[in-house]
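Here is a short set of questions and answers on how the labels attached to a model follow from its computed values.

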Amino acid sequence: MSPEAEVSQADDPRLARFEARIAAGEKIEPGDWMPDEYRRQLIRMISQHAHSEVVGMLPEGAWITRAPTLRRKLILIAKVQDEGGHGQYLYHAAETLGITREEMEAALLEGRAKYSSVFNYPTLTWADVGMIGWLVDGAAIKNQTMLAQCSYGPYSRAMVRICSEETFHHKQGKEMVLTYASGTPAQRRMAQDALDRWWWPAVMMLGPHDSDSPNTPLLVRWGIKTKTNDQVRQEFVDEHAPELLEAGLRIPDPDLRYDEETGHWVHGRIDWDEFWRVVKGHGPCNAQRLAARRAAHAAGAWVREALEAYAARQESEPARAPVEA
């Protein structure tokens, strides 16, 4: 919370009632009173999440025309379509907080808004599509399952639907990678190469260490997040490390080990310099992703204009009597 907001609302009696409702497990709805900082944090998180879903269509969408079989092509088309739908749910959830779709889109296109760092990496082979499904969607599910329990009703409900679809994406990605990991030598090399390039971006996408995440304490206090970045990251590593090893793949972390005492997998040092470099717009594909979104937005101008013209005509025409059956 900014110092100004904390001072201006700390003595507001509504704040105590707001926090009591969250402590009791109630959902906060759009018409309810909420601290300004609660609203600001939600807009930041939900719009960033929506941008991530939309930009996330690009790395895999590039492979639709190059899918090896019709079955794989149909699955990938459905998945990319799902991600676009997730963006729609989330933009609508953010709109309930008073920001417009146009404001959020402008922030993305002007480079003022963030989206998940992981989508700024290239997809070099078909195995990357499977590895994104297994690792990136797997990490996203850990985060989204936590957010499905968040205190803001519209965000929580959007997450329930999204989690069910992401679970399917995760399973199909895992099935793809397991197929290639047990396939021909060339397929196994392709799967290993994809893991070598996607393991660390997936580990990093869950956000900076708790000690470097200044928003986390407030987000946890107000039930927007129910777990910290490091807790969710640990869940991801605990689930995926043994599964990848069982598949005969080598995880590119020489310090990765299983701790018998804690029952957890311990990963090596994360390259946070790379993480922040990508977050700040200097990753391998940041410019390419934004250019693609700007081109798509410009190409869709005629659709927006047609919708506005249709809405204006509907408002200007007198209401028609219903047709009797």
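The exchange below concerns a predicted model and takes up cysteines, helix packing and one asparagine.

Q: How do you know that cysteine 150 does not form a disulfide?
A: The closest cysteine sulfur to that of cysteine 150 belongs to cysteine 163 and is 11 Å away. A disulfide needs sulfur atoms within 2.5 Å, so the distance of 11 Å is too far for a bond. A search of the whole structure finds zero disulfides.

Q: Why is cysteine 150 called buried?
A: Its relative accessibility is 0%, and buried means under 20%. Cysteine 150 therefore counts as buried.

Q: Is cysteine 285 buried or exposed?
A: Cysteine 285 has a relative accessible area of 4%. The limit for buried is under 20%, so cysteine 285 is buried.

Q: Why are α7 and α9 called roughly parallel?
A: Helix α7 spans residues 127–147 and helix α9 residues 185–204; they pack at an angle of about 30 degrees, with axes 9 Å apart. Angles under 35 degrees count as roughly parallel, and α7 and α9 therefore receive that label. Their crossing is right-handed.

Q: What makes the contact between α7 and α9, by residue class?
A: The contact has 13 nonpolar residues, two charged ones and no polar ones. Among the participants are Met131, Ile132 and Leu135 of α7, and Leu195, Trp198 and Trp199 of α9. Asp128 of α7 and Arg197 of α9 also take part; Asp and Arg count as charged.

Q: Why are α5 and α7 called oblique to each other?
A: The axes of helix α5 (residues 70–95) and α7 cross at roughly 40 degrees and come within 12 Å. Roughly parallel requires an angle under 35 degrees and roughly perpendicular one of 65 to 115. The angle of roughly 40 degrees fits neither class, so α5 and α7 are oblique. The crossing of α5 past α7 is left-handed.

Q: Which residues of α5 and α7 meet?
A: Leu76, Lys79 and Glu83 of α5 meet Val129, Ile132, Gly133 and Asp137 of α7. By class, three are nonpolar, one is polar and three are charged. Gly counts as polar, so Gly133 of this contact falls in that class.

Q: How do you know that asparagine 286 is buried?
A: Asparagine 286 has a relative accessible area of 8%, and buried means under 20%, so asparagine 286 is buried. This residue is found in helix α13 (residues 286–299).

Q: What does asparagine 286 touch, not counting residues up to four places away in sequence?
A: Asparagine 286 touches Tyr115, Asn120, Val278 and Gly281. Asparagine 286 and tyrosine 121 are 165 residues apart in sequence, with their C-alpha atoms 8.2 Å apart in space.

How values were computed
Residues numbered from 1 in each chain as written. Predicted model: local features only at pLDDT ≥ 70, side-chain atom pairs only at ≥ 80, totals over all residues. Heavy atoms only, no water. Buried < 20%, exposed > 50% of the residue type's maximum accessible area, 1.4 Å probe, protein only. Axes fitted to C-alpha atoms, helices over the stretch in contact; angles between N-to-C directions. Helix = DSSP H or I, 4+ residues; strand = E, 2+ residues; numbered from the N terminus. Parallel < 35°, antiparallel > 145°, perpendicular 65-115°, else oblique. Left-handed = near helix turned anticlockwise from the far one by under 90°. Contact = heavy atoms within 4.5 Å.
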